[in-house]
Amino acid sequence: MLDCKRIYADYSEKVYAYLRKHVSDAEAAADLHSKIFQKIVEHVDSYRGNPDAVSSFVYTVTKNCVIDFYRTRKFFDCIDDINYTVVQVVHPPRRSFFPSKCSKALPVRLRRFL
């Protein structure tokens with residue numbers, strides 16, 4: 001059986017460095033760090049590999065947590081991008097291109113096009 005305290009002592013700094021490299025927000029990286037070791041503690045009994053090669057187990061859990069983080073973040077970022085406000089479009093009144101004095105100087109047959 002693996003010792004969780006030993007795993008934490010050996011891999012805590014390495015996991016946090018990996019998280020800081022892949023997650024730009026320091027607070028989110030700290031949250032993920034605690035979630036990762038919580039998952040390791042929950043699933044350490046199911047680890048059937050070589051006890052000397054536990055690093056693959058730790059980094060697999062870390063990688064999957066980072067993937068899940070970005071997967072859920074992408075979903076919530078998409079929701080945040082949706083604009084729920086209703087905008088009323090008001091068109092300005094239509095104005096003639098020429099001022100009224102200029103249009104009066106034009107022949108009547110051309111005024112109707114303005």
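Biologist: Why does Tyr59 count as partly exposed?

Modeller: In this predicted model, Tyr59 has a relative accessibility of 31%, and since buried means under 20% and exposed over 50%, with partly exposed in between, Tyr59 counts as partly exposed.

Biologist: What makes Tyr11 buried?

Modeller: The relative accessible area of Tyr11 is 12%, and because buried means under 20%, Tyr11 is buried.

Biologist: Why is the pair of Tyr11 and Tyr59 called edge-to-face?

Modeller: Their ring centres are 6.2 Å apart, and rings pair if their centres lie within 6.5 Å; their planes stand at 90 degrees, and planes over 60 degrees apart count as edge-to-face, so that is the name the pair receives.

Biologist: Which parts does the pair of Tyr11 and Tyr59 tie together?

Modeller: Tyr11 lies in helix H1 (residues 4-22) and Tyr59 in helix H3 (residues 55-81), so the pair ties together parts that are 48 residues apart in sequence.

Biologist: What makes Phe69 and Tyr70 an edge-to-face pair?

Modeller: The distance is 5.0 Å centre to centre, with 70 degrees between the planes, set against cut-offs of within 6.5 Å for pairing and over 60 degrees for edge-to-face. Phe69 is buried at 17% relative accessible area, whereas Tyr70, at 34%, is partly exposed.

Biologist: Which residues of H2 are buried, and how do you know that they are on the same side of H2?

Modeller: In H2, the buried residues are Ala28, Ala29, Leu32, His33, Ile36, Phe37 and Ile40. They cover an arc of only 165 degrees around the axis, which puts them on the same side of H2.

Methods. Residues numbered from 1 in each chain as written. Predicted model: local features only at pLDDT ≥ 70, side-chain atom pairs only at ≥ 80, totals over all residues. Heavy atoms only, no water. Buried < 20%, exposed > 50% of the residue type's maximum accessible area, 1.4 Å probe, protein only. Helix = DSSP H or I, 4+ residues; strand = E, 2+ residues; numbered from the N terminus. Arc of directions from axis to C-beta. Phe/Tyr/Trp six-rings, centres within 6.5 Å; stacked < 30°, edge-to-face > 60°.
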